[in-house]
Amino acid sequence: MTEQQQLSQIYLDANATTPVLPAAAQAALATMQTQFGNPSSSHITGLQAKQIMEQTRSKARAVIGATSGQVIFTSGATEGIQTAILSALYQAKQNYNSENKPCILYGATEHKAVPESLKHWNHILDIHAEIKAIPVDKDGMLDMDFIAKEAPNALMICTMAVNNETGAEQDLAKLEQVIRSNNPNTFWMVDCVQALGKVELDIANTSIDYAPFSGHKLYAMKGIGFVYIREQAPFTPFIAGGGQESGLRSGTENLPGLASLNVIFDELLGQGRGVFATKETLCDYRDQLAAALKNAFPTIVFNNNFSCSVPTTLNFAIPGFSAKEILDLFDAANIRVSSGSACSSKVTGSFVLDAMGLPRAQSEAAIRLSFGPAATQTEINEACERIAYCAKALGHSCLVNMNDLDNKSKLDGLVQFKVGGSCCWLFVDGQSREAVIIEPLAELTERLLTVIECQGLTLKAVVDTHGHADHASSRAHLLSADLQAQTTDHLGWPTHCGTVIVDNHTLPFIDVGRFALVRIATPGHTADSISLALCHKTELQAGKFNSLYTFCGDLILMGTIGRTNFETSDATQMYHSLQLLQGLLEQDSLLCPSHDYNNEFVTTLSAEITRNKLLADVLSKRLTADAFVQQKSELDSHIHDQANQEIMCGALTSCSQKQHFTELNKDTLQNHLDSNEDVLLIDIREPHEYALNHAQQFDNNVPLTRLANFIGSQLLNKSQPLVLVCRSGSRSSVAAQALARLGFDHVAHLKGGYALSN
Ligand code: PLP
C-alpha cells in the first residue's frame with residue numbers, strides 16, 4: 001500500500017448499521033418508481049403494494065417462527081420498544097397494587113432505548129414502580145438469582161437476546177425457565193435487534209410477549225422494523241390515526257423499507273442469492289480477525305468472551321492506547337470501527353463493560369469491531385492486512401517498539417503529551433539523541449519508555465517543576481540504570497550540575513546535547529516550585545539568555561496564575577517569581593505550563609498579559625506585593641475541588657476568547673490555495689495516521705503533540721498562511737484556535753476534515 005493510495009473502505013461497524021444489500025436497494029427503488037402504491041388503496045397499484053407488505057409479513061413470521069401472535073411493522077426497534085413497554089405497563093397499571101412494591105426489571109447491559117423508555121412510560125403512566133437493573137457477570141450473562149428473587153414483583157422484565165457492544169448471547173431458554181417459574185404473568189420483552197440473522201429464533205415456542213426488530217442492522221433500509229406481540233399479550237397502539245396495520249399502528253406504511261426487508265428475509269429463508277455466510281464461516285472470520293489483531297498488537301485484551309458471543313462482534317482494548325487513538329488510527333487505514341466510550345476529553349467508558357465489571361481502563365479504551373453475515377473472505381483478508389499496516393504505522397512513530405523496522409521517523413525537538421488537563425514534556429536534541437522529560441505522568445510511563453527505547457534516546461534527567469498536588473511523579477519508573485545512580489533533589493534535579501550567571505542570578509543548568517536546561521527557583525504556588533528554561537548552550541555560554549521553551553509548572557497557566565492556597569504556597573513569593581521570570585524572558589518566548597485545561601497548548605507572557613489583568617498588574621508593578629496577596633486570596637477562594645475530580649491548579653481569571661481563523665470547506669479550499677501563494681498545508685493528525693493515508697497536497701505533518709514545537713519554530717514567521725486539516729475537522733480547529741491566539745494571523749482549517757473532503 002503506498003502512502004498516497006486511496007484506500008477503499010472496510011466497514012466493520014455492522015452493529016451500528018449496515019449498508020443496504022444491492023438487491024434490497026433495488027427492490028426498494030422499484031417500490032418508489034413503479035410499485036409505489038399505498039397499501040390502503042383499493043385500486044390495483046394499492047393492491048400490489050399491499051401484496052408486497054403481506055408477503056413481507058408472512059416471511060417475517062417464518063424467519064422468527066411466529067406461527068401465532070401479531071407482527072406489526074414499525075419505524076425501527078426504538079418504536080417497537082415503545083410499543084411493547086407502553087402496552088405492558090398500561091395493562092400492568094390496571095392490576096397495580098403499590099403495597100406489593102412492584103418493580104420493573106431490565107438487563108444492566110440493555111441498549112439505552114430500553115431503560116430510557118421504561119423511565120419515560122413509568123413516569124407518564126404514573127406508575128412509579130422501582131426500575132431495577134439486573135446485574136450481569138464478567139461475560140455479560142444475566143444474574144439468574146437476581147431475576148428469581150425480583151421476578152415475583154416485576155410488572156415487566158426487559159432483556160436482550162444479543163448485546164450490541166459485546167455480542168454476548170443470553171441463554172433464552174434458561175431465562176424463560178427462571179422468569180416463568182417465578183412469575184408466569186409478568187410481561188417479558190426480548191430486544192432481538194442484534195439477534196436477527198445471527199441466532200435461530202423460534203418465538204412461538206417461547207413465552208416472550210414482545211420482541212422488537214430493526215431492518216438497518218441487517219442490510220435493509222433505515223426506518224423500517226417490526227415488533228412481534230404474543231397472542232395473549234396486551235396491546236395499546238403507540239401511534240393512532242388512519243387505522244393502518246389493522247389499527248395497531250397507524251401511518252402510511254414504509255413500502256420501500258418493507259420491500260428491502262422482504263429481500264433480507266429471502267436470504268434468511270434460503271430463498272435469496274446465498275449472500276449470507278454460515279455460522280461456521282462467520283466464526284472462522286472472527287478467528288482470522290482476532291489472530292490478525294493479536295499478531296499486530298500482542299498485548300491486546302478481548303473484552304468479550306467468544307464462547308458465549310455471536311461470532312460477528314469483537315470487543316477489545318489495546319493497553320496504552322485510548323479508544324480515540326485506535327479509532328483515529330483505523331479510520332486513517334479506512335477501517336471503520338466504533339469505540340465503546342464517548343470520544344471526548346472527559347472519557348466516560350462503556351456502561352456495558354462497566355456493568356460486566358471490567359477494569360475502567362479496559363472500558364475506556366474499548367473498541368468494537370462488528371461485521372454482518374454478508375461479510376466476505378476478501379473483505380476479511382483486506383481487514384487483516386490493514387490491521388497489520390496499522391500496527392506498523394504505530395511502530396514507525398515509535399508508539400510501539402518494533403525492532404525490525406528501519407525507516408523510523410527520528411524525533412527532534414519538543415513533544416507535548418497530555419493526560420486530561422495535565423501536560424508532560426519530552427525534549428530531544430536530534431543530533432546527540434540526548435533528552436529530558438519534564439512533569440512525568442504515570443499514565444504515560446509505558447509510552448515514554450517505548451519512545452526512549454525505540455528512538456535510542458539517552459535521558460539526561462526526569463524533572464518535576466514542583467511536588468504536584470494532583471498526581472504523584474512517575475519519575476522512578478522512567479529512570480535508566482545510569483540515571484538511577486545520579487543523585488538528585490526530590491524533584492529529580494541532578495545534584496552535580498554546572499552554573500551560569502544571568503542578570504546577577506546564579507542559575508544551575510544541565511546539558512541536553514547542544515542545549516542547556518536552566519533551573520530557576522520560582523516559589524509561590526509551592527515552596528519548591530521551579531521553572532526550567534531550555535536554551536542553546538552556545539548562546540548561554542556567550543552570556544545570552546534566550547529561552548526557547550520555559551517549563552513554568554503552575555506559576556503561569558493559560559488564562560490564570562497557579563493557586564496559592566496550598567500549605568506551602570506563598571503569594572508574596574509568587575509575586576516576586578513572576579517578576580523574576582519577566583526579567584529573564586522575552587515577552588514572546590514560549591511558556592510550557594504543566595496544565596492545559598482548554599487545549600491552548602503553550603502560551604507567552606504577551607498573550608497572557610492581554611487577557612489576565614492580575615498578571616498584567618503584577619508585571620507592570622501597578623500592584624504591590626501586598627495588594628497582589630489580597631487579590632490572589634480572593635481569586636483562590638473560588639476554586640472548589642470536587643471529590644473524584646481533577647484538582648484545578650489555578651482559578652480561571654478569564655475565559656478563552658474565540659480567536660479569528662478561517663474555516664474552509666471542500667469548495668473554498670482551492671480558491672484559498674490559489675489566492676495564497678506561499679501557503680503551508682499541514683496535516684494535523686498523528687504521524688501514524690498521516691503515514692497510512694493523506695492527501696498529496698498535505699506534505700507537512702504536525703500532530704497536536706508537536707504543535708508546541710511547530711509554534712516555537714515559527715515564532716518569527718507568524719504571518720505565514722497556514723491551512724490545517726485532520727480527520728473530522730476537530731483537531732485542526734483546536735490547533736487553528738491555539739495558533740490564532742498566539743498571533744498567527746493567517747490560519748485556516750478544513751471544516752469537516754478529510755471525512756467531508758472526499
Ligand atoms: N436495541 C439494540 C440492541 C440496538 O443495537 C439498537 C440500535 O443500536 C436498538 C435497539 C435501536 O434500534 P433502532 O435504530 O432501529 O431504533
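Which helix gives the largest share of the shell around the ligand? Helix 3, residues 77–94, supplies three residues, the largest share of that shell. The model is predicted, and every value below is computed from it.

**The ligand site**

The ligand has 13 residues around it. Ala77, Thr78, Asp191, Ser214 and Lys217 come nearest. By class, the shell holds seven polar, four nonpolar and two charged residues.

Three side chains place a polar atom at short range from the ligand, as listed here.

| Side chain | Ligand atom | Distance |
|---|---|---|
| Asp191 | nitrogen | 2.5 Å |
| His216 | oxygen | 2.9 Å |
| Lys217 | oxygen | 2.5 Å |

Asp191 thus faces a nitrogen atom of the ligand at 2.5 Å. For Lys217, an N or O atom of the side chain lies 2.5 Å from a ligand oxygen. His216 reaches an oxygen atom of the ligand at 2.9 Å. How much of the ligand's accessible area does the protein cover? On its own, the ligand has 390 Å² of accessible area, and the protein covers 87% of it.

**Domains**

The chain is divided into four parts. Domain 1 spans 77–251 and domain 2 spans 277–396. Domain 3 runs over 413–636, and domain 4 over 662–757. Between the C-alpha centres of domain 2 and domain 3 the distance is 39 Å.

**The sheet of strands 9, 10, 13 and 12**

This sheet is open and has four strands, in the order 9-10-13-12. The pairing is antiparallel. Strand 9 (301–302) and strand 12 (338–339) stand at the edges. Each has a single partner strand, so one side of each has no neighbour in the sheet. Inside the order, strand 10 (residues 313–317) and strand 13 (residues 367–370) run antiparallel and are joined by four bridges. Leu314 stands opposite Leu369 of strand 13.

**The sheet of strands 14 to 17**

A further open sheet also has four strands, ordered 14-15-16-17, but its pairing is mixed. Which strands stand at its edges? They are strand 14 (413–419) and strand 17 (458–463). Each pairs with a single strand, so one side of each is left without a neighbour in the sheet. On average, neighbouring strands here are turned by 15 degrees against each other, direction ignored. Strand 16 (residues 434–438) and strand 17 run parallel, and five bridges join them. One residue pair shows the register: Ala435 has Leu459 in strand 17 as its bridge partner. Strands of a sheet pair through backbone hydrogen bonds, in parallel or antiparallel fashion.

Terms used:
Residues are numbered from 1 along each chain as its sequence is written. This is a predicted model: local features need pLDDT of at least 70, side-chain atom pairs count only at pLDDT 80 or more; totals for chains, interfaces and linings use all residues. Side-chain values use heavy atoms; hydrogens and water are left out. A residue is near a molecule or strand if one of its heavy atoms lies within 4 Å of it. A polar contact is a pair of N or O atoms within 3.5 Å; within protein, one must be able to donate a hydrogen and the other to accept it, and residues adjacent in sequence count only if both atoms are side-chain atoms. Accessible areas come from the Shrake-Rupley method with a 1.4 Å probe; for residues, only the protein chains shown count as cover. Helices (H or I, at least four residues) and strands (E, at least two) are DSSP runs, numbered from the N terminus. Ala, Val, Leu, Ile, Met, Phe, Trp, Tyr, Cys and Pro count as nonpolar, Asp, Glu, Lys and Arg as charged, and the others, Gly among them, as polar. Two strands pair if DSSP finds at least two bridges between them. Axes are lines fitted to C-alpha atoms, for helices over the stretch in contact, and angles run from 0 to 180 degrees between N-to-C directions. Domain bounds come from an automatic or database domain assignment.
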